[in-house]
Amino acid sequence: MTQQQCLKGSVAGFVLAGGRSSRMGSDKALALFHGVPLIQAALQRIDAVGISARIAGARSDLSSFAAQIPDTFAETGPLGGIHAALSASDAEWNLFLPVDLPLMPSSLLACLLQRAMLTGAPVTAARLNGRIQPFPVVLHRAVLPSITQRLETGNSACHAAWQSIPAELDSTLDAAPAEYLHQCGHCSHPRGFPPILWFQSANTPAELSRLNRLGA
């Protein structure tokens with residue numbers, strides 16, 4: 001069964017590309033990973049799950065890659081981009097992938113979507129070495145009012161939001177260990193990289209260079 005065949009229901013995908021890129025020195029969405037802009041690589045990984053993704057929170061014009069959704073709360077980081085995306089989405093389940101995780105496998109994205117639809121958890125993420133990873137994440141559209149309230153009061157931390165919002169909805173956070181999912185064969189990297197590398201971000205030229213060497 002393909003990843004596309006496993007996914008049923010109303011789903012949408014978004015690449016978060018609204019960071020300032022101050023440590024990269026230029027728009028990291030356009031930085032190259034294996035000769036491909038990071039934004040294009042991220043869109044391709046969501047596309048591999050069977051979802052046509054949009055771009056949320058971009059500071060520059062990336063419309064040649066996919067449709068863009070402008071921020072509704074300026075200068076509020078990823079949570080602001082998520083708010084804009086959920087406000088524009090008609091989907092029940094919404095997948096968010098940052099632009100700067102080039103080694104994140106599509107199979108984990110599909111696994112998180114499948115878990116969200118099976119459990120009904122409003123927030124579905126992954127753990128690594130016991131720590132909840134803020135991204136990638138699958139959010140039910142019911143979390144939008146809680147996110148709005150946080151942004152209106154100046155609280156834009158995603159990690160804290162994922163842990164507290166489910167309780168506000170009389171539910172729980174679902175955060176499965178990525179190592180366990182990998183060991184059980186639910187997800188893997190096409191190049192065989194272990195989960196510890198999937199969550200390595202490319203925020204600086206040195207970090208991007210290292211990831212490019214790993215994937216060479």
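User: In this predicted model, over how many bridges do β7 and β9 pair, and in which sense?
Analyst: The model is predicted. Within the sheet, threonine 124 stands opposite aspartate 174 in β9. The sense of the pairing of β7 with β9 is parallel, and the number of bridges is 4.

User: In what order do the 7 strands of the open sheet stand?
Analyst: The pairing in this open sheet is mixed. β5 (68-69) and β9 (174-177) each have a single partner strand, so one side of each is left without a neighbour and both stand at the edges. The order is β5-β4-β1-β6-β8-β7-β9.

User: How many bridges join strand β7 (residues 123-128) to β8?
Analyst: These two strands run antiparallel. One pair of bridge partners is alanine 126 and, in β8, glutamine 133. The hairpin of β7 and β8 has 2 residues between the strands, and asparagine 129 takes a positive phi near 55° there. The number of bridges joining β7 to β8 is 5.

User: Which residue of β8 is the bridge partner of leucine 95?
Analyst: Strand β6 (residues 93-98) is joined to β8 by 4 bridges, and the two run antiparallel. For leucine 95, the partner in β8 is valine 138.

User: How many of the 10 residues of strand β8 are buried?
Analyst: Buried means under 20% relative accessible area. Strand β8 (residues 131-140) is mostly covered, and its count of buried residues is 8.

User: What is the omega of the peptide bond from phenylalanine 135 to proline 136?
Analyst: Proline 136 has its place in strand β8. The bond leading to proline 136 from phenylalanine 135 is cis, with omega near -5°.

User: Why is α5 called oblique to α6, and at what angle do the axes cross?
Analyst: The axes of helix α5 (residues 144-152) and helix α6 (residues 158-168) come within 10 Å and cross at roughly 125°. That angle makes α5 oblique to α6, because angles that are neither under 35 degrees, over 145 nor from 65 to 115 count as oblique. The crossing angle is roughly 125°.

User: How do the residues of the contact of α5 with α6 divide by type?
Analyst: α5 passes α6 in a right-handed crossing. From α5 the contact takes Ser146, Ile147 and Arg150, and from α6 it takes Ala161, Trp162, Ser164, Ile165 and Glu168. By type, these residues are 4 nonpolar, 2 polar and 2 charged.

User: What covers the buried residues of α5?
Analyst: The buried residues of α5 are Ser146, Ile147, Thr148, Arg150 and Leu151. Just after α5, glycine 154 takes a positive phi of about 80°. The cover over the buried residues of α5 includes α3 (77-88), β8 and α6.

User: At what angle to β1 does helix α2 run?
Analyst: Helix α2 (residues 38-47) lies across β1 (11-16), β4 (54-56) and β6. Its angle to β1 is about 165°.

User: Is proline 70 buried or exposed?
Analyst: Proline 70 lies in the loop between β5 and α3. Glutamate 75 is found in that loop, and glutamate 75 has a positive phi of about 55° although it is not a glycine. The relative accessible area of proline 70 is 62%. Exposed means over 50%, so proline 70 is exposed.

User: What is the relative accessible area of histidine 34?
Analyst: Histidine 34 has its place in the loop between β2 (32-33) and β3 (36-37). Its phi is near 55°, a positive value in a residue other than glycine. Histidine 34 is partly exposed, with a relative accessible area of 40%.

Terms used. Residues numbered from 1 in each chain as written. Predicted model: local features only at pLDDT ≥ 70, side-chain atom pairs only at ≥ 80, totals over all residues. Heavy atoms only, no water. Buried < 20%, exposed > 50% of the residue type's maximum accessible area, 1.4 Å probe, protein only. Pairing = 2+ DSSP bridges. Axes fitted to C-alpha atoms, helices over the stretch in contact; angles between N-to-C directions. Left-handed = near helix turned anticlockwise from the far one by under 90°. Contact = heavy atoms within 4.5 Å. Nonpolar A, V, L, I, M, F, W, Y, C, P; charged D, E, K, R; others polar.
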